[in-house]
Amino acid sequence: MVERVWRFWGDHGLDILATDDGGALMTGLTLSTDGDASGNHGGNGDVLVGKIDAEGKLQWSRALGGSGVEYSSHNSLVQTSGGNYLIGASSSSSNGDRKSLNGRSDGWVVELNSQGQLVSQQSFGGRAEDAVYSIRHIQDDIYLAVGSTASSDGRFTNNHGDWDAWAFTFKVP
Ligand SMILES: [Ca+2]
């Protein structure tokens, strides 16, 4: 078997998903504003997403975020039955790729199409800090997310103090 090594992007690679076209989708954290991260929105981090084809060639890459802090973690990528990609992340921005910000930071699930264009996004959380670390497909159009929440409003009225672990299901709009 031939061993392949890819080296591109700025900064940190965090997660990789084998896609149904024989390629892969990768996410990372970028603080760079050049190279493959030229669209970085700044603010101590954007989520960098890159798609490689079955030959290992980078098809596209994009930085997701706004002027605040965006990051994703491990096991944060899912390919939908329609061929789009879901990225579980966290964000403290209300601009750039973000539509709105519920609190100091939100869990943020972004749907990209196979060309890397933003199709939909959802924010999860209350008025304090909330984060999504990992997402999974459960069945049909139902997905599962896990992360942390410090909010005690909205859906989170039983906060145990400071950060709580947090898991919830969601659908793609
Ligand atoms: Ca940012």
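**View 1. Met 26 meets Gly 50 where strand 2 pairs with strand 3.** In this predicted model, Met 26 has Gly 50 of strand 3 as its bridge partner. That pair belongs to a bigger set: seven bridges tie strand 2 (residues 24-30) to strand 3, and the two strands run antiparallel. Gly 50 is itself buried, and it points the same way from strand 3 as Asp 46, Leu 48 and Ile 52.

**View 2. Strand 3 is buried from end to end.** Have a look along residues 46-52: seven of the seven are buried, so strand 3 is largely enclosed by the rest of the structure. Both of its faces are covered. Asp 46, Leu 48, Gly 50 and Ile 52 point one way, Val 47, Val 49 and Lys 51 point the other way, and every one of them is buried. Note that Asp 46 and Lys 51 are on that buried list too.

**View 3. Strands 3 and 4 make a hairpin.** Six bridges hold strand 3 against strand 4 (residues 58-64), again antiparallel. Within this pairing, Leu 48 sits opposite Ala 63 of strand 4. Five residues lie between the two strands, and in the turn Gly 56 has a positive phi of about 90°.

**View 4. Ile 87 and the largest nonpolar core.** This core has 27 residues, and the ones touching the most other members are Val 47, Ile 87, Ala 89 and Val 132. Strands 2, 3, 4, 5 (70-79), 6 (85-91), 7 (106-112), 9 and 10 each give two or more residues to the core. As a rule, nonpolar side chains tend to be buried together in soluble globular proteins. Zoom in on Ile 87 and, leaving aside neighbours within four places in sequence, you'll find contacts with Thr 27, Val 47, Val 49, Leu 64, Ser 72, Ser 76, Leu 77, Val 110 and Leu 112. Val 47 and Val 49 on that contact list point the same way from strand 3.

**View 5. Thr 30 is a buried residue of strand 2.** Thr 30 lies in strand 2. It has 28 C-beta neighbours inside 10 Å, and 20 or more are needed, so Thr 30 counts as buried. For a sense of distance, pick Gly 83: it is 53 residues from Thr 30 along the chain, and their C-alpha atoms are separated by 25 Å.

**View 6. Strands 9, 10 and 11 form an open sheet.** The order is 9-10-11, with antiparallel pairing. Strand 9 (130-139) and strand 11 (164-171) are the edges, each pairing on one side only. From one strand to the next, the twist averages 20°. Eight bridges link strand 10 (residues 142-149) to strand 11, and one spot to check is Val 146, whose bridge partner in strand 11 is Ala 167.

**View 7. Zooming out, the whole protein is built from strands.** There are eleven strands and zero helices, so from the N terminus on the elements simply read β-β-β-β-β-β-β-β-β-β-β. The C-alpha trace spans about 50 × 35 × 25 Å along its principal axes. How does the radius of gyration, 16 Å, fit a compact globule of 173 residues? It agrees, because such a globule would have a value near 16 Å. Buried residues make up 38% of the 173. Among contacts with a separation of 6 or more, 50% come from residues 24 or more positions apart.

Note on methods
Residues numbered from 1 in each chain as written. Predicted model: local features only at pLDDT ≥ 70, side-chain atom pairs only at ≥ 80, totals over all residues. Buried ≥ 20, exposed ≤ 12 C-beta atoms within 10 Å, placed from the backbone. Helix = DSSP H or I, 4+ residues; strand = E, 2+ residues; numbered from the N terminus. Pairing = 2+ DSSP bridges. Rg over C-alpha atoms; globule rule 2.2 N^0.38 Å. Contact = placed C-beta atoms within 7 Å. Axes fitted to C-alpha atoms, helices over the stretch in contact; angles between N-to-C directions. Core = buried A, V, L, I, M, F, W, Y, C linked by C-beta atoms within 7 Å.
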